[in-house]
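Colleague: I should be grateful for a close look at a single part of this model. Please place that part in the context of its chain.

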Amino acid sequence: MLLLLVLLFFILKKQRKLTGLLILLTAGAGIWQGLKEYNRTNTDMANAAADVKIPSSELIKSYETSDSLSNKKYLGKILEVNGHIKKIETDDNGSYTVVLGDTSSLSSVRCSMDSTHQKDASKLTGGSSISIRGVCTGFNKDDMGLGSDVILNRCVILKN
Amino acid sequence: MVMIKKGIILFYSFMALAAISKAQDKFYTKTGKVLFFSSTSMENISATNKSAVAVLDTKTGSLQFGVLLKGFEFRKALMQEHFNSDYVESDKFPRSEFKGQIINNNEINYSKEGSYTAKLKGQLSLHGETKDIETTAALEVKEGKLQANSVFTIVLADYKIEIPRDVTNNISKSIKITVDCLLEPLK
């Protein structure tokens, strides 16, 4: 950075105004790009393309069969999961979690709604079918007696 | 005949009682909040996770806690990406876990509303490393639920989390962890 400025100083001194200006502009654009990247926020899942489309039952089955193999396929990926709404939960802060899966089974796909898309979940009703897009953050194996859960984060509801 | 009937009623009442007391032994959440905070003169960095799992057995005081590292949300996407790929390596180690015990469990009356201080002792696994930790948690018994809050500090080097040299001034060597869980009775 300092080197660039020194260089710039010399070039400007030689009255090569055009070249100087060009370098200044390039440096400015570089800094602007850097700052933009530094301040970049997470992509809204409503505008993101899914890496994998999969029914909730299949996703659960895959994780129950092999945790590590499924992580290789789904962990950190944008998933579009469709299935039956088992229940809709709200926590003490008003954040929604849509739970997908078979009511007869303890296992579920838990979709934690994106903070900017909370309202969409409030209109849902249990028992209906739905598609949800979110980032897969992994699997909580049933070692606490609570059932196994695949967790999706930053979720948005997709229109069926 | 009457005796048998009485016996049956008594038997079922005991069964029902046993079921109730068993149900209230365990408290859990699947929407626990974990916040971490790194503070240096250069930069403050924080991240939140709102899908932590916790189960507390009030009878024995044993506590299990799990959090998926990819579920931590940062304000800046770049920090989130670095956190996952460079620091906690969440592809290799997706989950962090605490398994421990409330050592003063007999001092807490879970059936009586009020505030208690729980002394916790156990093991925390993160980034493939497991370390003993001790901390306290504020417990509040209210309307049949348990509000649990805890703040503690971990040293990144203990978990073999290395900070690249060019950002050593931006990331604190010890991280403050805040846990906020509303535990409900497990039915």
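What span should the 22 residues of helix α2 (residues 17–38) of chain A have at 1.5 Å a residue, and how far apart are its end C-alpha atoms?

Modeller: In this predicted model, the expected span of helix α2 of chain A, residues 17–38, is 32 Å, and its end C-alpha atoms lie 31 Å apart, which agrees. As for its surroundings, the number of buried residues among the 22 of α2(A) is 0, so the helix lies largely in the open. In chain A as a whole, buried residues make up 29% of the 160.

The helix belongs to a chain with 5 helices and 6 strands, arranged from the N terminus as α-α-β-α-α-β-β-β-α-β-β. Chain A has a radius of gyration of 24 Å, well over the 15 Å given by the globule rule for 160 residues, so the chain is more spread out than a compact globule. Along the principal axes, its C-alpha atoms fill a box of roughly 80 × 35 × 30 Å. Of the contacts in chain A with a separation of 6 or more, 61% join residues 24 or more positions apart.

The buried side of the picture is the largest nonpolar core, which has 62 residues; A:Val98, A:Leu152, B:Ala54 and B:Leu183 touch the most other members. Strand β2 of chain B, residues 44–57, supplies the largest share of this core, 7 residues. Leaving aside residues up to four places away in sequence, A:Val98 touches A:Ile85, A:Ile88, A:Cys111, A:Met113, A:Ala121, A:Leu124, A:Ile132 and A:Cys155. In soluble globular proteins, nonpolar side chains tend to be buried together.

Conventions:
Residues are numbered from 1 along each chain as its sequence is written. Chains are lettered from A and ligands numbered from 1 in the order in which they are written. This is a predicted model: local features need pLDDT of at least 70, side-chain atom pairs count only at pLDDT 80 or more; totals for chains, interfaces and linings use all residues. A nonpolar core is a set of buried Ala, Val, Leu, Ile, Met, Phe, Trp, Tyr and Cys residues joined through C-beta atoms within 7 Å. A residue is buried if 20 or more other C-beta atoms lie within 10 Å of its own, exposed if 12 or fewer, and partly exposed in between; C-beta atoms are placed from the backbone. Helices (H or I, at least four residues) and strands (E, at least two) are DSSP runs, numbered from the N terminus. Two residues are in contact if their C-beta atoms, placed from the backbone, lie within 7 Å. The radius of gyration is taken over C-alpha atoms; the globule rule is 2.2 Å times the number of residues to the power 0.38. The expected span of a helix is 1.5 Å times one less than its number of residues.
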